[in-house]
Amino acid sequence: MSQTDKDNSSSRKMLVTSALPYANGPLHMGHLVEYIQSDIWVRFQKMRGHACTFVCADDAHGTAISLYAQKQGITPEASVAAVHEERMEDFRRFLVDFDNYHSTHSEENRTQVAAIYNCLKEKGHIVRRTITQAFDPVSKRFLADRYVKGTCPRCGAADQYGDNCESCSATYSPAELINPRSTVSGATPVERESEHLFFRLSDFSSVIRSWIDSGTIRQEIANKLSEWLDAGLQDWDISRDAPYFGFQIPGETDKYFYVWLDAPVGYMAAFRNLCDRTEGLDFDAFWKPDSDAELHHFIGKDIINFHCLFWPAMLSGAGYRTPTKVHVHGYLTINGEKMSKSRGTLIAARTWLDHLGPESLRYYYAARLSGRMEDLDLNTSDLVQRINSDLVGKLVNIASRNAGFITKRFDGRLSSTNAAPELLDACQQAAPLIASLYEELDFARAMRKVMSLADKANSWIDEVKPWVIARTPGEEDRLQAVCSVGINVFRLLMIYLAPVLPAMAKQAAGFLNTDSLRWDDSQTLLLDHSINTFTPLMKRIEQKQIDAVLEQARVEALSQQSTASSSPVAPAAASAVAGEKVARADEIGIDDFSRIDLRVARIVDAQPVEGADKLLRLTLDLDEGRTRTAFSGIRKAYQPQDLIGRHTLVVANLKPRRMRFGVSEVMVLTAGSGGENLWLVQPDAGARPGMPVS
């Protein structure tokens, strides 16, 4: 089917997935790039009348899940269940509308994974091999690939994971790393033998090459994959040793499926779960080899190998269809920098919503997404300017400049006359172009086209000056006709923006007194039609709102770092659990340590911090003739009144930091696993405020 046929067909059947977010922490701005991108595309397809189903799930297995649960003092099952509920709420509030959001820790996934594995095994694509594996002598566990880091054996890049290099994209085993270390304990791994199961990926070289050459991915990605194919595909280790949170491999003892084996199968499981609850939705019709349905995956560029090598091979080997398209986006930076907790740019989804609405972010991402595998920068100054200029100054302004005249002078009735056929015709004729841009994921060009139409409409309104016509006797019919043009332009533009701004589109439909805004509605006009009273649809963004988001992110990061630094798990493991890239913890010398001024302090006051459920504001006496203030994430562990009079240890020469709640002048030392399991580090009896710690 050609692209033109696709655009004109009303019978397209599509299953769309977003990559499964790992269930070891809250969603952040980087995650939302993909979910907003895919949601916009799905909403567009549904507006076009296509049968488009949108599914996703929590990626709920693996070592990181176990460590995250351990840090909280709960079971992995309880942890992933809690994260699932938080995710559902975050997606709802950001208007990401999955038809089903499931979990890889489900019976549907267990059954589907076992079926695929057994099929591959029966066909001879699974082999057994004894390997030498990294073992952590401190934590007494075999280490999964992502829990060994070191120098890439191919390009020499430092601080790379044990399965692939983020610098040169090479794949390898943890044993090949140079200077490896465990991110669980920080210890140097030792080698131990273990029998593992491997998927013979090399059996599918021709299948993968044919799939790549069929146009399923952009050429730049196809070129990289071709390099891997030319170098020869390596067999893929699909098993992990106990202890491991995941599905036990059928017929094996103490062997579990590697998380990346069952994660993509989670797409199938989420869809099957929906099919079981939805009459007329047939699983096999979408997944059988000769299916005429389309299968679209949205992913980030860091997981191309799993979705474009392993996944199509697994599907083909097990007798299922392969994906129609894999859409790949780049990374997110914030104000030109990588997301960072220390800089306050690792912004949680909920932090954004504490200060700003979801559609400001949805529109900004749309205005920056090209459909290519390019990194996207969330420039906060540009966001403020773009929302205020495009949505408030251009789009909403068209409606607000004309609606008042219609409701007050004409009882809400639009004219039956088209007073600007050239302008309205230009807006209507733009529908196919904008549709093709949505289809190709070039949202940025689509937004520019819509805003160019808004500029044209506002220029026309400035020329005809309805406010002048309103003061001219005998021009009532002309005033009604002119203002009706403005309302119709606004309606057409809202149709084109509805996939990006679904909440505003719903409000606009209420104002326009229409059931909904469908794509085909762009080819009709509202003439001799009653509208309702206009209410503001979007408020201007103030820079102080953005500043509040960044400051809250810094405060939250400070609180998390305070807990992580005192955790019994090594700092490297704490970072890995949080899903962040782990920086190498180099050794320090005595000269480095001597720069830290550790002193005894007495707590003279302790107060809760409004707006921060983990923080207490501590007033500390360091016997220097004045007190100092510290913010400490111990609110769940201590009642404020119980702290007064206690002695503790602080870093006295830490550079003061201005926070939304005040200035933090020193750092209080704590130990424990976080939450309620957190304790102040206290000196023995006899210590006095101001005493140095040596």
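In this predicted model, the largest cavity is lined by T63, Q133, R141, F142, L143, A144, V184, R240, D241, P243 and Y244. The space enclosed there comes to about 70 Å³, and this cavity belongs to a set of three of 30 Å³ or more that a search of the whole structure finds. Rolling a probe the size of a water molecule over the atoms shows where empty space is left. Two strands, strand 5 (141-142) and strand 11 (239-241), each supply at least two residues of the lining of the largest cavity. Sorted by class, that lining holds six nonpolar, two polar and three charged residues.

One of the lining residues of the largest cavity, P243, invites a second look at the backbone. A cis peptide bond, with omega about 0°, joins A242 to P243. P243 itself sits in the loop between strand 11 and strand 12 (255-257). For a reader new to such details, a general point helps: most residues other than glycine have a negative phi, and most peptide bonds are trans.

Two loop residues are worth a visit for their phi angles. D411 has a positive phi of about 55°, although D411 is not a glycine. The loop that holds D411 runs between helix 13 (380-409) and helix 14 (421-429). With a relative accessible area of 72%, D411 is exposed, because the cut-off for exposed is over 50%. N513, also not a glycine, has a positive phi of about 60°. N513 is placed in the loop between helix 19 (502-512) and helix 20 (543-565). Its relative accessible area is 41%, so N513 counts as partly exposed.

From the enclosed space, the description turns to an open one. The second largest pocket has a volume of about 930 Å³. Its lining is made up of 37 residues, and those closest to the centre are T171, Y172, S173, Q234 and D235. Several elements each supply at least two residues of this lining, namely strand 4 (126-136), strand 9 (190-199), helix 7 (219-231), strand 10 (236-237) and helix 10 (304-317). Strand 4 gives the most, with five residues. In terms of class, the lining of the second largest pocket has 17 nonpolar, ten polar and ten charged residues.

Helix 7, one of the elements that supply this pocket lining, can be followed further through two of its residues. E220 is found in helix 7, and A222 lies there too. How do the two stand with respect to the surface, buried or partly exposed? E220 counts as partly exposed, because its relative accessibility is 40%. A222, in contrast, has a relative accessibility of 4% and therefore counts as buried.

The surroundings of these two residues can be described in turn. Leaving aside neighbours within four places in sequence, E220 is in contact with R372 and M373. E220 and M373 are 153 residues apart in sequence, and 8.5 Å separates their C-alpha atoms in space. For A222, again leaving aside neighbours within four places in sequence, the contacts are I212 and I217. The C-alpha atoms of A222 and C308 are separated by 9.1 Å, and the two residues are 86 residues apart along the chain.

Helix 8 (residues 259-277) offers a simple check of length. At 1.5 Å a residue, its 19 residues should span 27 Å, and the end C-alpha atoms are 26 Å apart, which agrees. The helix nevertheless has a kink of about 35°, centred on V265. Helix 8 is also mostly covered, with 16 of its 19 residues buried.

Further along the chain, F443 is found in helix 16 (residues 443-464). F443 has a relative accessibility of 0% and so counts as buried. Leaving aside neighbours within four places in sequence, F443 is in contact with Q37, I40, W41, A366, L369, L437 and Y438. A separation of 7.3 Å is found between the C-alpha atoms of F443 and G371, which are 72 residues apart along the chain.

Note on methods: Residues numbered from 1 in each chain as written. Predicted model: local features only at pLDDT ≥ 70, side-chain atom pairs only at ≥ 80, totals over all residues. Heavy atoms only, no water. Helix = DSSP H or I, 4+ residues; strand = E, 2+ residues; numbered from the N terminus. Expected span 1.5 Å × (residues − 1). Bend = angle between axes of the 7 residues up to and from the residue. Buried < 20%, exposed > 50% of the residue type's maximum accessible area, 1.4 Å probe, protein only. 1 Å grid on protein atoms, 1.4 Å probe; cavity = no way out; pocket = protein on both sides within 12 Å on 5 of 7 lines; lining within 4 Å. Points joined across faces, edges and corners; volume = space filled by probe spheres on them. Nonpolar A, V, L, I, M, F, W, Y, C, P; charged D, E, K, R; others polar. Contact = heavy atoms within 4.5 Å.
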